[in-house]
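Q: Please take a close look at one part of this protein: its buried interior. Walk me through what packs there.

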Amino acid sequence: WGNDLRPTFADAVRAISNLAMAINTHTGITAHVDRHLFLDSQELFRTPFVYITADRAFELTERESKNLGEYMRRGGFVFADNAVPTLEYGPAEASLRQMFRDALGPQARFRPIPNTHPIYHCFYDFDGPPAGQEIGTTATVAYLKPVFTPTPVHFLEGIFLGDRLVGIYSDKGYCHMWAKNFGNEPQLRFGINVVIFALTQKGSIAQQQIDFFSQIGQ
């Protein structure tokens, strides 16, 4: 959450809880969810994976942007998911993209993530990102008329600092898929991949913590 970022729509609340449940069920990881982690909090730097979604325009404060940028530079990982992918170049998309630019400045360059990237193969195997709600209507966002994206996006965009993937922008609306009670296995499996990749890639917060405690134990 941020001062102006309040994803209170129902699917946003259920999505991350369902993803954590899938992680706990199918992997050896124990996932805990902090639903209201604020972007200007120091707790951010003890959190190895941050999920941000939005269904409307928002703006980060200068302090939030600075903290988020420092978080990514110091090993953090951000998965930003547009909750209204059916609205092409909509306000939520614009705000999520601007969030990365404000946090990282000129380093925030969006690049397509190739299907050969480890994020698609680190636990389950995918030949690319599974479909989300980029085609169809988003019923949970009642104030928007149905708008169809004429050219669906078949890739995710990443932001890299050196060789490390620090952020993903998703124009898929995975929050709505993860929030479902059935028929969402590919999307949840991909979410598991993203979390595992964020935890295991070199330089991540989780790997830094493992290295620290390993040195203490020696």
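A: What follows goes from a single residue to the nonpolar cores, then to two cysteines. The model is a predicted one.

Start with Val78. Val78 sits in strand S2, which covers residues 78–82. Its relative accessible area is 0%, under the 20% cut-off, so Val78 counts as buried. Val78 touches residues from several stretches of the sequence, including Val50, Ile52, Leu68, Tyr71 and Met72. Met99, Phe100, Val166, Gly167 and Ile168 are also among its contacts. Tyr51 lies 27 residues away from Val78 in sequence, yet the two C-alpha atoms are 5.9 Å apart.

Now the cores. In soluble globular proteins, nonpolar side chains tend to be buried together. Here the largest nonpolar core holds 35 residues. Phe77, Phe79, Ile119 and Ile168 have the most contacts inside that core. At least two core residues come from each of helix H1 (10–26), strand S5 (164–170), helix H4 (174–178) and helix H5 (185–200). H5 is the biggest contributor, with nine residues.

Ile119 shows the packing in detail. Ile119 touches Phe77, Ile113, Leu165 and Ile168. Its contacts also include Phe190, Asn193, Val194 and Phe197. Apart from the largest core lies another, of 28 residues. Ile52, Leu68, Tyr71 and Leu104 are among the residues of that other core.

Last, the cysteines. Cys175 is buried, because its relative accessibility is 0%. Cys122 is at 30% relative accessibility, so Cys122 counts as partly exposed. The structure holds zero disulfides.

Methods:
Residues are numbered from 1 along each chain as its sequence is written. This is a predicted model: local features need pLDDT of at least 70, side-chain atom pairs count only at pLDDT 80 or more; totals for chains, interfaces and linings use all residues. Side-chain values use heavy atoms; hydrogens and water are left out. Helices (H or I, at least four residues) and strands (E, at least two) are DSSP runs, numbered from the N terminus. Buried means under 20% relative accessible area, exposed over 50%, partly exposed in between (1.4 Å probe, protein chains only). Contact means heavy atoms within 4.5 Å. A disulfide is a pair of cysteine sulfur atoms within 2.5 Å. A nonpolar core is a set of buried Ala, Val, Leu, Ile, Met, Phe, Trp, Tyr and Cys residues joined through side-chain atoms within 4.5 Å. Lists of a residue's contacts leave out its neighbours within four places in sequence.
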